Each structure stands twice: as C-alpha cells, then as structure tokens.
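Here are a few exercises to work through with the model open beside you. Try each one before reading its solution.

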Amino acid sequence: MPASESAAALDRAADVLRRGGLVAIPTETVYGLAANALDADAVAGIFRAKGRPSGNPLIVHVADAEQARSLAAAWPAAAAAVAASLWPGPATVVVPKAARVPGIVTAAGETVALRCPGHPVTRSLIERAGIPLAAPSANRAEALSPTTAQHVLASLGNRIDLILDAGSCDHGIESTVIDCTRSPPRILRPGPLSRATLEAALGGPVEWPGNLAPGPDKPGTERSPGQGRRHYAPATPLEIPPNAAARVAELLAAGQRVGWLVLAADERARALAASRELVVVPMPPEPIGYARQLYATLHALDQRQLDRIIVDLPPADETWAAIRDRLNRAAS
Ligand code: TXA
Ligand code: MG
C-alpha cells in the first residue's frame, strides 16, 4: 500500500479506537482485536464481539516500557528486564495493575498483562492513537487464532468496525506470557520466546511449571486464567494419536475424510495421499516454521469438510513446547 494510503488507514483506525470502537490489528504473533484499554465500555465490546467469558483477562498493548509502567502499580525487576531486552516483541509480562486500568480488562484481578508488540503497523497505530490497546486474539472465543486478515474477516467481520490488513503474521502463535509478580518469574503460556531466551534476558532462572500441558491441575499449581483446556481449536475434531499412520488408515477404511499434518512426508504418507478422502499437509520439521504455518493450515483444513484432522506427534523437547501446548488444547 502507498505510504499516504496506509497513513490514512492508520488515522482512521486511531480515530475509531479513540471513539470506543473495535479494530483488528496485525501483530508479529497473531491478529488482535483492539479497543481503548482505559475505556471500560469499549473493552466490553471486545468481550461481546468474541463471545469471550468475562473471567478471561486481556493483554494490554503499549508503545514502550514507559507506557507499560504507567499501567502498573509496581514494576518488578523481571518486567524491567523483559522490557529492556525483549521488547518490542512476543513477550507479555504480568505485573500488579495500576488503579486506572479498568477491572474488565483484568477480569477483576489485581494483575495486568502488558506487551509491547513489534509489528510496525500496530506500533505506529498505538503511537497515533495515544492510548494503550487491550487486544485478545481476533477470533470468536475458543476458536483458532487468526494469522491473516481473511481469518479475522471470516470469524468477526460483521461484529467489528475495521480490520488493518498487513498480510500474514510472522510467528503465527501467541506471545509467551511471564508472571513477573513472583520470584523466580514463571512462564504461564509458552510461546515464540523459549525459556532459554527468557533466562538469558533475565539473567536468572525462569520457572516452567509442570502444568503447562492441559489436563487436571495438580494440587498447588495454578494456571493462568483463560488457559482453559479447549482453546485454539478448529471446528473439525483433531487428534494427536501415538501412531498417526495407523489411525489415518483406520479412519479411511471407515469411510471418513481425513486431513493429516505430517512432520516427515514419508513413503506411507505419499501412498495414502493417493486417496481422494485424504488431505496430507507436510509441516516444517522445526518449531519456528511449524508455528508460522500451524493456524493457517488448520483454518484451511476447516474449509474442506473433513471428518477428522490427524496430527503427527511433535517432538518431546522443550523447543516444541508452545506447539505441543496449542495442539493439545486443539485436541481436547
Ligand atoms: O500474542 C498475543 O499475546 C496475542 C496478540 C494479539 O498480542 N494476544 C493473545 O491474547 O493471545 P488472548 O486474549 O488470546 O490471550 C491472553 C491470555 C489470557 O487468556 C490469559 O491466559 C493471559 O493471557 N493473561 C492475560 N491477563 C493475565 C493476567 N492478569 N494474569 C495471568 N494471565 C493473564
Ligand atoms: Mg486467544
């Protein structure tokens, strides 16, 4: 888009936001659905448009660390370290909330999640609007997060005021959320930034609780609000069976139409791909490329009237943790 046109689009979006409207914004992770974080009525519009339960708090997007501090009642050393070395970027800090943050943003909790996004379009939007933006992922509650403007249009198009289309999101999965109110800080939601990256930035250990995978909570371990089991799910039932090839063969034999996300497009997958009832999608064998394509792949398979989506089990190591987290939720 020519610079003058994008400037006009940004001015219009800033204007909609200042008047209390809803704008879908591109970020480096996924598209967000933004409203003025300091306007409780505007934020209520986000919950209505998404059908989001009021107990699920929102992330507030800021222009820089200074604006973040203005929304926090305290600024722990861990938050300062994230802001100094990982912002702008896909890291969200949870800190004590300032009184001026409306309770609807934090689901009545005493902490607020803050993130300074790296996407140039949204950075200039926040600067132009001059307000912090509350923005969850721009999808109906529990559904897949959007990584293109078309995804947003399909799920929320008639419920929001404007979509800023900046193409596909770079990371493709939601930000890493870090609870900075405790020491050592703890990862609440795994994301594009690994624990190793966080520990290097913070110069100390970061906790990685055993409860990141969905399942019954272990006593004494708490979850982030809103990290419910079923989340990030396609409409088509999704399974991650131990033996994907066998499960696919079984479903095809039962006359089902199957989509299959394969990590290694081996001979077996190629042979089965001859079936008209099977859609085989080879996925990148490393976590960064896999994350970038994951939601777009699931959105596309949801359009194909399949009975089932089968996913090859991703590797067990920590670099795949964020992907395993999203897949496990999609399967529950
Ligand atoms: O990458 C992202 O983080 C995207 C883009 C748009 O920035 N946003 C996003 O927002 O994923 P959402 O609403 O889909 O997820 C926000 C999650 C909540 O469900 C919750 O798990 C956690 O962030 N969260 C928000 N506020 C929190 C708080 N005060 N304490 C603990 N967790 C919180
Ligand atoms: Mg979401």
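**Exercise 1.** In which strand is the place of Arg115? Then work out whether Arg115 is buried or exposed, and find its side-chain partners.

*Solution.* This is a predicted model, so keep that in mind throughout. Start with the location: Arg115 sits in strand E5, residues 111-115. Next, take its relative accessibility, which is 2%. Buried means under 20%, so Arg115 counts as buried. Finally, look for partners: the Arg115 side chain has a polar contact of 3.0 Å with the side chain of Thr27, and another of 3.1 Å with that of Glu28.

**Exercise 2.** Which residues of helix H5 are buried, and what do they pack against?

*Solution.* Going along H5 (residues 120-129), pick out Thr122, Leu125, Ile126 and Ala129 as buried. They span an arc of only 95 degrees around the axis, which puts them on the same side of H5. On the face turned away from that side you'll find exposed Pro120 and Glu127. Now check the neighbours: the buried residues pack against several elements, including helix H1 (3-18) and strand E3 (59-61). Just past the helix, Gly130 has a positive phi of about 70 degrees.

**Exercise 3.** How much area do domain 1 and domain 2 bury between them?

*Solution.* First set the bounds: domain 1 is 3-202 and domain 2 is 238-331. The contact draws on 17 residues from domain 1 and 12 residues from domain 2. Together the domains bury about 1,200 Å², with 58% of it on carbon and sulfur atoms. On the domain 1 side, Leu144, Ile173 and Pro190 lose the most area, together 43% of what that side buries. To finish, count the salt bridges across the interface: 3.

Definitions and conventions: Residues numbered from 1 in each chain as written. Chains lettered and ligands numbered in written order. Predicted model: local features only at pLDDT ≥ 70, side-chain atom pairs only at ≥ 80, totals over all residues. Heavy atoms only, no water. Helix = DSSP H or I, 4+ residues; strand = E, 2+ residues; numbered from the N terminus. Buried < 20%, exposed > 50% of the residue type's maximum accessible area, 1.4 Å probe, protein only. Polar contact = N/O pair within 3.5 Å; in protein donor to acceptor, adjacent residues only side chain to side chain. Arc of directions from axis to C-beta. Contact = heavy atoms within 4.5 Å. Domains from an automatic or database assignment. Buried area = accessible area lost by both parts, 1.4 Å probe. Salt bridge = Lys/Arg side-chain N within 4 Å of Asp/Glu carboxyl O.
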